[in-house]
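Biologist: Got a minute to go through this one with me? I'd like to start with the ligand and then look at the pockets.
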Amino acid sequence: MKNIVLFGPPGAGKGTQATLLKEKYDLIHISTGDVFRFNIKNETEIGLLAKKYMDEGDLVPDEVTINMLKAEVNKNADANGFIFDGFPRTESQAKALDLFLTEKNTTINGMVALEVSEDLLVARLLERGKTSGRTDDTDEEKIRNRFNEYNTKTAILKDYYQAQGNYFGVNGVGSIDDITKRVSTVFDKL
Ligand code: AMP
């Protein structure tokens, strides 16, 4: 199995790259943000709970997010592997993921991080907000809060995976095609 965490700050291009890479490597793409948005649209219990956090740019509590992620993985029991996009976002999520995969006799092969500067990302997100229909992309204050959440809770995961020898940084600035090529060079080795 090939299990990869696609990592990077909001707007780094994780969703775009995951959509291309899942085809190329025959992997299941799980975006926790997409699963939350699906639940919000369908007005499920998880959706109602997640909405108030997402609208503010805050992280949804770990327990809810971890249980949802496990359910998504379990739905795809015979997959070749997974691209985790937007998960884990806290150390406790990373630990839960390691434990969960160990129980399944598998592991994370690597974290591939798209590296892009914050100023470029705020501009990108505001641009995306004009067409994405995502309310968390239209308000600069909420976008800044998402970066605050990223910097205080998520960025440390670089150290977590680096300590396992599993961190692979990729320059996330350039054309979509160029970035796919850079990421593929790492995926091929994992
Ligand atoms: P994304 O689509 O990855 O940008 O996620 C959008 C929003 O969904 C985030 O700002 C969080 O509110 C929520 N979210 C997505 N993934 C997670 C996660 N792993 N942990 C907590 N909240 C999450």
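Biologist: So how does the shell around the ligand split by class, nonpolar, polar and charged?
Modeller: Bear in mind that this is a predicted model. The shell around the ligand has six charged residues, with five polar and five nonpolar ones.
Biologist: Which residues come nearest to the ligand?
Modeller: T32, R37, D58, G86 and R89 come nearest, out of 16 residues around the ligand.
Biologist: And which helix gives the most to that shell?
Modeller: Helix 2 does, with four residues.
Biologist: OK, polar contacts. What does the side chain of T32 do?
Modeller: An N or O atom in the T32 side chain is 2.8 Å from a nitrogen atom of the ligand. Q93 also has a polar side-chain atom 3.0 Å from a ligand nitrogen. With R134 the partner is an oxygen atom of the ligand, and a polar side-chain atom of R134 lies 3.2 Å from that oxygen.
Biologist: How much of the ligand does the protein bury?
Modeller: The protein buries 96% of the 480 Å² that the ligand exposes when taken alone.
Biologist: Which pocket does the ligand sit in?
Modeller: The ligand sits in the largest pocket. About 850 Å³ of space lies in that pocket. It has 40 lining residues, and K14, R89, R128, R134 and R146 are the closest to its centre.
Biologist: Which elements supply at least two residues each to that lining?
Modeller: Strand 2 (28–31) does, along with helix 1 (14–25), helix 2 (32–41), helix 6 (118–132), helix 7 (140–154) and helix 9 (176–189).
Biologist: How many charged residues are in the lining of the largest pocket?
Modeller: Twelve are charged, next to 17 polar and eleven nonpolar.
Biologist: Switching topic: what volume does the second largest pocket have?
Modeller: The second largest pocket comes out at about 220 Å³.
Biologist: Which residues line the second largest pocket?
Modeller: From the earlier part of the chain, the lining includes R37, I40, K41, K51, M54 and D55. S132, G133, R134, T135 and D136 line it too. Helix 2 and helix 3 (45–56) are the elements that give two or more residues to this lining.
Biologist: And how does that lining divide by class?
Modeller: Six residues are charged, three are polar and two are nonpolar.
Biologist: R134 rings a bell. Where else did R134 come up?
Modeller: R134 is one of the residues closest to the centre of the largest pocket, and its side chain is also the one with a polar atom 3.2 Å from a ligand oxygen.

Conventions: Residues numbered from 1 in each chain as written. Predicted model: local features only at pLDDT ≥ 70, side-chain atom pairs only at ≥ 80, totals over all residues. Heavy atoms only, no water. 1 Å grid on protein atoms, 1.4 Å probe; cavity = no way out; pocket = protein on both sides within 12 Å on 5 of 7 lines; lining within 4 Å. Points joined across faces, edges and corners; volume = space filled by probe spheres on them. Nonpolar A, V, L, I, M, F, W, Y, C, P; charged D, E, K, R; others polar. Near = heavy atom within 4 Å. Polar contact = N/O pair within 3.5 Å; in protein donor to acceptor, adjacent residues only side chain to side chain. Areas by Shrake-Rupley, 256 points an atom, 1.4 Å probe, with all protein chains shown as cover. Sits in = over half its atoms within 2 Å of the grid points.
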